Amino acid sequence: MEVNQSPEWKALERHFADIKQTHLRDLFVANPERASQFSLQFEDLLVDFSKHRITDETLKLLLKFAERCQLTEEINRMFSGEKINLTEGRAVLHTALRNKPTSPIFVNGSDIMPKIGAVLDRMRNFSNRIRNGEWQGYSGKPIRNIINIGIGGSDLGPKMITKALTPYHQRNLSFYYVSNVDGTHLVETLRDLDPEETLFIIASKTFTTQETMTNAHSAKTWILDHSHNPEAVAKHFVAVSTNIEGVQKFGIDPANMFEFWNWVGGRYSVTSAIGLSVMLAIGPDHHHALLDGFHAMDEHFHTTHLSQNIPVILALLGLWYNNFFGAQTHAILPYSQYLEDLPRYLQQADMESNGKSVTKDGHPISYQTGPIIWGEPGTNGQHAFYQLIHQGTKLIPCDFIGFAQSHNPLGDHHIKFMANFFAQPEALAFGKTVEELRVANVPLPLIPHKKFEGNRPSTSILAPKLTPYALGQLIAMYEHKIFAQGILWQILSFDQWGVQLGKELAGRIIPELSSSSELQHDSSTNELITRFRNLRKTGF
């Protein structure tokens, strides 16, 4: 039976019909304790979900549905190392990467914690050598520029965290991330850099990813063109991979390959060796604090009852809007410029995980699954798309993420900044009524334009300061929310077969673009390729 045919889902449908017109203004009037009742706190992290279109009954019914989906059991299965990635026959144990070394976790009967600890030790040793200037390039200069070459999870996670934790950087090191196979990305990154001071991290599990390896070979050529010495490759390249033969063939010393494992999914890999650039940027001690933050939220998710479990509640709220209100998108709105890349990171984490249309048993789904994730940091977004959220025809649930303390207490900037963090959810929830506009003597013709319906849902997430520990908590919170939603929708969140088809077709097309061979595609693709060939010849 599909989950939308279950008695628990049907009960939610009846409840939705009863309250769908209820306004948040009325809910707050009816319950003066609403803010405290619909908030959860874990350590210093506060999650206020009181500005959602829910009641006590809504939460009870959602939790019953979660129990029907055996969410607690599925959480335990993931943490115990069962092979819940069914289509690839793999365990899903990114949580082991930040587990305490004294707590064993077994895969195929073997404790994996010693291997994780050994890689972390090698990462610390390498990071210290780079940061103290001991590691030198081919000409004897210390490394000053570090370029991570990867794509997807091998790029978005470390890039986002490196930028987010800029205040903790060692400032004589500069960090760059190259992902796009468009040569412009690599060329513009290298344009003003000194090869003698540049280190490349090639981040690819298989060491065969087309985009990554194309960029890696061009970076290798750049080093060789300047050094005229093949031995320079070993001084300017390290690898994060599982393919030791491919790494050696490239010219990287296997001693400088940092391993991770097939039970680490790409978009959940930032706490593996994929985060090497993060450790280089913030140092081993702050990196340890980051992992501790992840682990704290892992433990909260694993051990806390569903009713008090922050990722679970967020997952249930997402299902409520996605499947009952018909909301198709979800906005991530961090009030921190350092978190500029967080919405992009969560796009992959969420949309690649839950963008599925068949159940874990392979049956077509008749209900909506993953939402479209998007967003920008405040206050920039307020001058771009908030108009649509406030007065448009689409319902867009929002997450507002803010911090009480700024790393850069410049004048009254942070007070003004955070005033917007508090004001926007309030405006979205309560709006502005016709009566209020009339009292304010707004001219009658303008009232329809200045009226705000309100009743737009949002979550407010508040922490003391954007520290490595707090960031770890925040990312793990979203990781587990995504997994929980996958269980609620009865889909597999840890494969991504939809990524493959376009890659396969591109591989077939590559040789066709440089030849005059007969094309065997549809008429549109054939004509586009033919035009491309002709334009390449003429230069116009």
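This passage walks through a sheet, two other strands' worth of pairing, a helix, a loop residue and the cavities of one predicted model.

The model is predicted, so local features need pLDDT of at least 70 and side-chain atom pairs count only at pLDDT 80 or more, while totals for chains, interfaces and linings use all residues. Residues are numbered from 1 along each chain as its sequence is written, and side-chain values use heavy atoms, with hydrogens and water left out.

A good place to start is the open sheet, where 6 strands line up in the order β1-β2-β13-β12-β10-β11 with mixed pairing. Its edge strands, β1 (39–42) and β11 (372–374), each pair on one side only. On average, neighbouring strands of this sheet are turned by 15° against each other, direction ignored. Some terms first: helices (H or I, at least four residues) and strands (E, at least two) are DSSP runs, numbered from the N terminus. Two strands count as paired if DSSP finds at least two bridges between them. Axes are lines fitted to C-alpha atoms, for helices over the stretch in contact, and angles run from 0 to 180 degrees between N-to-C directions.

At one end of the sheet, β10 (residues 329–334) and β11 run parallel and are joined by 3 bridges. His 330 stands opposite Ile 373 in β11. Helix α16 (residues 413–430) packs on the sheet, touching β12 (398–403) and β13 (458–463), with its direction at about 155° to that of β12. Contact here means heavy atoms within 4.5 Å. Helix α19 (residues 468–488) lies across β1, β2 (45–48), β10, β12 and β13, and runs at about 165° to β12.

Next comes strand β7 (residues 198–203), where 6 of the 6 residues are buried, so the strand is largely enclosed by the rest of the structure. Buried means under 20% relative accessible area, exposed over 50%, and partly exposed in between (1.4 Å probe, protein chains only). In a regular strand the side chains alternate between the two faces of the sheet. In β7, Thr 198, Phe 200 and Ile 202 point one way and Leu 199, Ile 201 and Ala 203 the other. β7 pairs with β5 (residues 145–149) in the parallel sense over 5 bridges, and Ile 147 stands opposite Phe 200. β7 also runs parallel to β8 (residues 237–240), joined by 4 bridges, with Ile 201 opposite Val 238.

Helix α9 (residues 210–227) has 18 residues, which at 1.5 Å a residue should span 26 Å, and its end C-alpha atoms are indeed 26 Å apart. That expected span is 1.5 Å times one less than the number of residues. Among the buried residues of α9 are Met 213, Trp 222 and Ile 223. His 228 follows α9, with a positive phi near 55°.

Out in the loop between α2 (24–30) and α3 (34–37) sits Glu 33, which is exposed, with a relative accessible area of 51%.

Finally, the structure holds 4 cavities of 30 Å³ or more. A cavity is a set of points, on a 1 Å grid over the protein atoms alone, where a 1.4 Å probe fits but cannot get out, and lining residues have an atom within 4 Å of a point. Grid points are joined across faces, edges and corners, and a volume is the space filled by probe spheres set on the points. The largest cavity holds about 90 Å³ of space. Its lining includes His 330, Lys 481 and Trp 489. The largest share, 4 residues, comes from α13.

Key:
1 Å grid on protein atoms, 1.4 Å probe; cavity = no way out; pocket = protein on both sides within 12 Å on 5 of 7 lines; lining within 4 Å.
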